[in-house]
Protein chains: 2
Amino acid sequence: MKLATLNKGRDGELIVVSRDLTRAVRVPGIAVTLQQAIEDWDSLAPRLEKVYAALNGGQEDDAFNLDMAKLHSPLPRSYHWADGSAYLNHVQLVRQARGAEMPETFWSDPLMYQGGGDQFLAPTEDIEAISEDHGIDFEGEIAVITDDVPMAVTPEQAAGHIKLVMLVNDVSLRGLIPGELAKGFGFFQAKPASSFSPICVTPDELGDAWRDGKVHLPLTVHLNGEKFGEPEAGPDMIFSFPQLVAHAAKTRYLGAGAIVGSGTVSNPGPDGGPGKPVADGGVGYSCLAEVRMVEKILHGDSRTPFMRFGDRVRIEMFDRQGQSIFGAIDQQVVKYQPK
Amino acid sequence: MKLATLNKGRDGELIVVSRDLTRAVRVPGIAVTLQQAIEDWDSLAPRLEKVYAALNGGQEDDAFNLDMAKLHSPLPRSYHWADGSAYLNHVQLVRQARGAEMPETFWSDPLMYQGGGDQFLAPTEDIEAISEDHGIDFEGEIAVITDDVPMAVTPEQAAGHIKLVMLVNDVSLRGLIPGELAKGFGFFQAKPASSFSPICVTPDELGDAWRDGKVHLPLTVHLNGEKFGEPEAGPDMIFSFPQLVAHAAKTRYLGAGAIVGSGTVSNPGPDGGPGKPVADGGVGYSCLAEVRMVEKILHGDSRTPFMRFGDRVRIEMFDRQGQSIFGAIDQQVVKYQPK
């Protein structure tokens, strides 16, 4: 099943979307918002699935043509947004660039930070930034939405609480990260509002690409119209989504509608070293920081700049037949104008 | 005006509470939940104020006797919970205990972490913990609730967005903090669900105790029925609430219902050194970590244990006439039982 949210009001309006992303239908008789649906998922999901089947079969008379520009992130806001960093190649590169070893424990104990969930950006909304000096970067990731998760669940139990999958642009201000992390309290000011793919899907929509709690497909990133990365999201994800959800719930309950992210999708090169840019025959990257780190390691300095006002990033994922699964995050960076 | 939330459903039901905390009235014709009220504060607050005036004047026919045990935290969940650490005496002590200097920048750049807002505890709800080995601690603090705050506001502008004030118990798992902070991504697992005072109030309710964006009254903490602390919340708060809100909004919007906390209330002793326990004539502390740090500095080791299953903490604030302003957070620690 594929779901989305029309961009109206603070929580938008839930719609069911056809598998090929061309048609959609409102479902006010079942749930007005996705938050409402996820809070009562076990009883509402089967009813939404029926609408989805009818929509795909052309039997929904009230269906309309889907306009991606009218969609918000599936959850326009969330009470819990926690982002892991499960692709340790990314973590290793960051540390290597500054000459630091990666602790052995990182292979068994996931990195995860708490993000602000009060005002996500729409998938095609401008990224407002105060200054280019903040080092504006995108991070292409995958995320899951859970229902209510009890405290201290095992990964096996957590798997059953993963209800929906989507993509994320975890916007990061690289220039603010060193200062924030040095203070010890996390990224805070360095992580402004994230945006999510226009469509979220139940794991079964991914077919056999959803296995071991991971998405085994490449994530496609374009920067200003040129392919920037197409790393495989499956093989190098060291912690699965069930492991990440269990990590988030270790000492507390997660409320329905919690979002847990994978961290920047990243592959090492075939030789185990830092992966190559697309232009050099590699799979590329899902964030600018990574190519800058590779440049620093190879050449001694970073050459690719961070995003400038007017730059555009596009993040999407295609199935093996080339069909877009989640629609595209497609955002331009603009200078913040006080209102 | 004083407001509270009846503990029913995920978001509870908003009630207006009399100044003396004895009577209350439902206001479904104005707003069903506090979240709803704060999202439309400018138009709804005047209507709630009218109910409040009538309630205090004994003119609300539908008023009922207030039972504190039936209240949830004013916002049972929030899309944005950010906690500062504005009492630098607390920060200095933590660092002194481990032999680290406090960076000079801490006096001008607030510490703040992002917390999980999906499932706060009720003010009298048990604190479920997995293990006493996690170093279970309370942190008595003050917090404010904002309406929508634009990005990059000045502290002067932020002041106008502070709509409500309340108390917090920022439950902390001290045993997990060093490991989490060493990973660099913030407290995460070390900060389970917080709880808030049963009543929240508009700043004008504090009279001249609300000035310079701070609450100039002592915070009273009892541990297992004995007074543990009564530090003054005003003088040693290095960053005011408007400064903390502006810090939180530096690179992003805050959505209505955002909660920003002060950090653990803490006073140095009259000589500028670590404050004394209540039993030794001092004002005591708002968390166990602080007395343990003072013990370590004075005696070489910490003697006071962290909370054990069955221990109870009570956090409240009285006005200069001895009247409780916010009601009491009063919670027992219990061992988590898988459900």
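Trainee: How does chain A lie on chain B, and with what turn and shift?

Mentor: Keep in mind that this is a predicted model. Superpose the copies and read off the operation: chain A goes onto chain B with an RMSD of 0.0 Å, using a turn of 180 degrees and a shift of 0.0 Å along the axis. The two copies are therefore related as by a two-fold rotation axis.

Trainee: What percentage of the contact residues of chain A recur in chain B?

Mentor: It's 100%, so the same surface serves both copies. Each side's count is worth a look too: the contact takes 53 residues from chain A and 53 residues from chain B.

Trainee: How much area is buried between chain A and chain B?

Mentor: About 5000 Å², and carbon and sulfur atoms give 54% of that. Then ask who pays for it. On the chain A side, Y79(A), F185(A) and F188(A) lose the most area to chain B, and together they make up 20% of what that side buries.

Trainee: And the charged pairs? How many salt bridges does the rule find across the interface?

Mentor: There are 8 of them between chain A and chain B. One to pull up in your viewer is R10(A) with D148(B), whose side chains meet at 2.6 Å, N to O.

Trainee: Now the holes. How many cavities of 30 Å³ or more does a search of the whole structure find?

Mentor: The general idea first: rolling a probe the size of a water molecule over the atoms shows where empty space is left. Here, the search of the whole structure turns up 6 cavities of 30 Å³ or more. The largest has a volume of about 110 Å³.

Trainee: Which residues lie nearest the centre of the largest cavity?

Mentor: Q114(A), F185(A), G186(A), Q114(B) and F185(B), out of 16 lining residues. Two elements give two or more residues to that lining: β7 (112-115) of chain A and β7 (112-115) of chain B. The largest share, 3 residues, comes from β7(A). You've met F185(A) already, among the residues of chain A that lose the most area to chain B.

Trainee: What classes of residue make up the lining of the largest cavity?

Mentor: It has 8 nonpolar, 6 polar and 2 charged residues.

Trainee: What about the second largest cavity: what volume does it have, and which residues lie nearest its centre?

Mentor: Its volume is about 90 Å³. Of its 13 lining residues, G116(A), K191(A), P192(A), A193(A) and R252(B) lie nearest the centre. By class, this second lining has 5 nonpolar, 4 polar and 4 charged residues.

Methods
Residues numbered from 1 in each chain as written. Chains lettered and ligands numbered in written order. Predicted model: local features only at pLDDT ≥ 70, side-chain atom pairs only at ≥ 80, totals over all residues. Heavy atoms only, no water. 1 Å grid on protein atoms, 1.4 Å probe; cavity = no way out; pocket = protein on both sides within 12 Å on 5 of 7 lines; lining within 4 Å. Points joined across faces, edges and corners; volume = space filled by probe spheres on them. Helix = DSSP H or I, 4+ residues; strand = E, 2+ residues; numbered from the N terminus. Nonpolar A, V, L, I, M, F, W, Y, C, P; charged D, E, K, R; others polar. Least-squares fit on C-alpha atoms with pLDDT ≥ 70 in both. Contact = heavy atoms within 4.5 Å. Buried area = accessible area lost by both parts, 1.4 Å probe. Salt bridge = Lys/Arg side-chain N within 4 Å of Asp/Glu carboxyl O.
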